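Below are some comments on the model, set out as numbered points. They deal with helix packing, the interface between chains and a pocket.

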Number of protein chains: 2
Amino acid sequence: MGLRDEIREQPEAVARLLAAGPRQVDPVAEAIRRRAPSFAVLAARGTSDQAGVYAQYLFGALCGLPVAPSTPSVLTLYDRVPRYGEALVLGISQSGRSPDIVRVLDEGRAQGALTVAITNDPESPLAAAADHVIELRAGPERSIAATKTYTNQLVAIAMLAARVADADGADAELARLPARIEGALASEADAEKAAARHHRLDRCVVLGRGYDYGTSREWALKLQELARVLAQPYSSADFEHGPIALAGTDLTVLAVAASAAPAAQVDELLGRLRALGCDVLAVTPEGRDVPADVRLSIPDGVPDWLMPMVSIVPGQLYAYHLTAAKGLQPDAPVGIQKVTLTT
Amino acid sequence: MGLRDEIREQPEAVARLLAAGPRQVDPVAEAIRRRAPSFAVLAARGTSDQAGVYAQYLFGALCGLPVAPSTPSVLTLYDRVPRYGEALVLGISQSGRSPDIVRVLDEGRAQGALTVAITNDPESPLAAAADHVIELRAGPERSIAATKTYTNQLVAIAMLAARVADADGADAELARLPARIEGALASEADAEKAAARHHRLDRCVVLGRGYDYGTSREWALKLQELARVLAQPYSSADFEHGPIALAGTDLTVLAVAASAAPAAQVDELLGRLRALGCDVLAVTPEGRDVPADVRLSIPDGVPDWLMPMVSIVPGQLYAYHLTAAKGLQPDAPVGIQKVTLTT
């Protein structure tokens, strides 16, 4: 089982979580509705923190709940504890073992906050620290670069937010995810070709907006970890506030141009970047005509709020094949471990 | 008046805000203490958003107040309004004119939240939208790259947080800032030399942790805007969760190694990065022996919570001189305007 297998296993892993999900998620959603927290605090690092960005947008849009990152350094370096009592404190971690993340949950619980852990290991310290646990059921993830646990983190967040918001039609859309992810896997041949074309890539920006922003961050992280590309993610709105000065013939732009709501703005920006000479590669639904040199397709019809589970897939495949095209080992990235214990 | 003049004018601009500050800040602090919001929501983009990262750490550590970014896309793209009623809603913008930032304040006010604008223009739409305004008094900033308005945003945030927390000895430490920033300006000759050495730089990472994290982000943004370097900021803890795979002889590492609390961890990491072959440039207090190839000094004795106003200065000077060393125009960066109006 290598990285490519784990990428391809995502439809099955998502289906497993969807099947087991309601039993896990419903009591947590019920507890959140009963407590009606005024905001949420999120503790996560690495890939899990990109899933947290999705949570930030989704809890805001679906549940009206503002989400504050926990800035664990405030606790661990400065030994000051923010007031979490009225919050939902949410910890996300594949391994459930990073001490600074566990610490935030411990503090939340000590202050009487409602605490929830989303983790692949129900026996982990993070799970033990939380009132409620949502187990990812992604199966063991052996590759150092997280893929299927990330997707399942997104699905767990989506199930939870939809249930808290009692969103109409959510279950039917969730049930379509495995087939849609399967459809996105069909981009592999194009992703491999695009990667071959970029085999010298050592820097790029990755753009996305709204629900696509977290996806741009996760895609960038895969490129950093695996292919040693200095890939910098931006919300396309933030990119216009300064960093757009980077645009030119020496800049490769990867774009998640998948969601419908930001389409007009994102397409306008990509058109401008192409006119400035940038090389643009876009992940986009079939049939959408974005200004790009190369397109990687995902199925159309995916609603924005469930887009990230589908639109990350061509990015994962591109990162995998770029790593190989650069002569690096996707199954043995340099200098990192599966579990990082920061304090 | 060019960019270099505005960088050098910072001690004076800070002194002006400190003198006018209590009259502006005290009523806002009083209103916050009276309302006792359970969390804060922050709306900002670009450089102002880096000041917001400082606010996130400082309000957490000094006032126990968790801070949630406002994710303006949730409002402007998805037309969903999170519940802001129990929050302090804080808008930060030099110009006070970006519509999406004004929108967040409007919504906060409509929901009965306490709203505060920090802006250089008290006649701006942002100021009009807020219950309270803190005027930066930085004087007109003509350069496209923000420097003195950023520093004054930090000072406004520090004055406000210190007054809300009734922090012992804060006024005396704040009063020392102009002299300390003046001291940091003495790094210019070294910054120019380091920039000359890096005149081919087109990618790097910028590390910092705790209060230094926002500084690493702002330093990176200056390098992107001015010198067209793909400079990627990380909390040094997040860097260890994956991106450390980038380390090697082809990676330049800029580090804000200024604050005392994260010193042991940051120094250990920089030592490891040097051993992996990275070229390390560190901003660090005089007398601290960080593992680095080149050091840019700031005065010692600055408390961590007021570090960002001092530690950004060598970074600004380095960005200015690197821009010149690369044959670019610091006073006329490519493709960006002073005011960006995202919606």
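How are α3(B) and α11(B) oriented to each other, roughly parallel or roughly antiparallel?

1. This is a predicted model, in which local features need pLDDT of at least 70 and side-chain atom pairs pLDDT 80 or more, while totals for chains, interfaces and linings use all residues. Residues are numbered from 1 along each chain as its sequence is written, chains are lettered from A and ligands numbered from 1 in the order written, and side-chain values use heavy atoms, without hydrogens and water.

2. In chain B, the axes of helix α3 (residues 47-63) and helix α11 (residues 211-227) come within 8 Å and cross at roughly 180°. α3(B) and α11(B) are therefore roughly antiparallel to each other (an angle over 145 degrees). On the α3(B) side the contact (heavy atoms within 4.5 Å) includes B:Y54 and B:Y57; on the α11(B) side, B:R217 and B:E218 are among the residues met. By class, the residues of this contact divide into eight nonpolar, three polar and four charged (Asp, Glu, Lys and Arg count as charged; Ala, Val, Leu, Ile, Met, Phe, Trp, Tyr, Cys and Pro as nonpolar; the others, Gly among them, as polar).

3. In chain A, α3(A) and α11(A) likewise have axes that come within 8 Å and cross at roughly 180°. The pair is therefore roughly antiparallel. Among the contact residues are A:V53 and A:L58 of α3(A), with A:L221 and A:K222 of α11(A).

4. α2(A) packs against helix α9 (residues 177-185) of chain A at an angle of about 170°, with the axes 8 Å apart. That makes α2(A) roughly antiparallel to α9(A). α2(A) contributes A:Q10, A:P11, A:V14, A:A15 and A:L18, and the contact as a whole has eight nonpolar, one polar and one charged residues.

5. Between the chains, 74 residues of chain A are in contact with 74 residues of chain B. The buried area (accessible area, 1.4 Å probe, lost on being put together and summed over both parts) is about 5,800 Å², with 55% from carbon and sulfur atoms. A:Y78, A:L230 and A:H241 lose the most area on the chain A side, together 13% of what that side buries.

6. The largest pocket (on a 1 Å grid, an open set of points where a 1.4 Å probe fits, with protein on both sides within 12 Å along at least five of seven lines; lining residues have an atom within 4 Å of a point) holds about 190 Å³ of space. Of its 13 lining residues, A:M159, A:R163, A:A170, A:D171 and A:L174 are closest to the centre. The lining has nine nonpolar, no polar and four charged residues.

Key: Grid points are joined across faces, edges and corners, and a volume is the space filled by probe spheres set on the points. Axes are lines fitted to C-alpha atoms, for helices over the stretch in contact, and angles run from 0 to 180 degrees between N-to-C directions. Helices (H or I, at least four residues) and strands (E, at least two) are DSSP runs, numbered from the N terminus. Angles under 35 degrees count as roughly parallel, over 145 as roughly antiparallel, 65 to 115 as roughly perpendicular and the rest as oblique. Buried area is the accessible area (1.4 Å probe) that two parts lose on being put together, summed over both.
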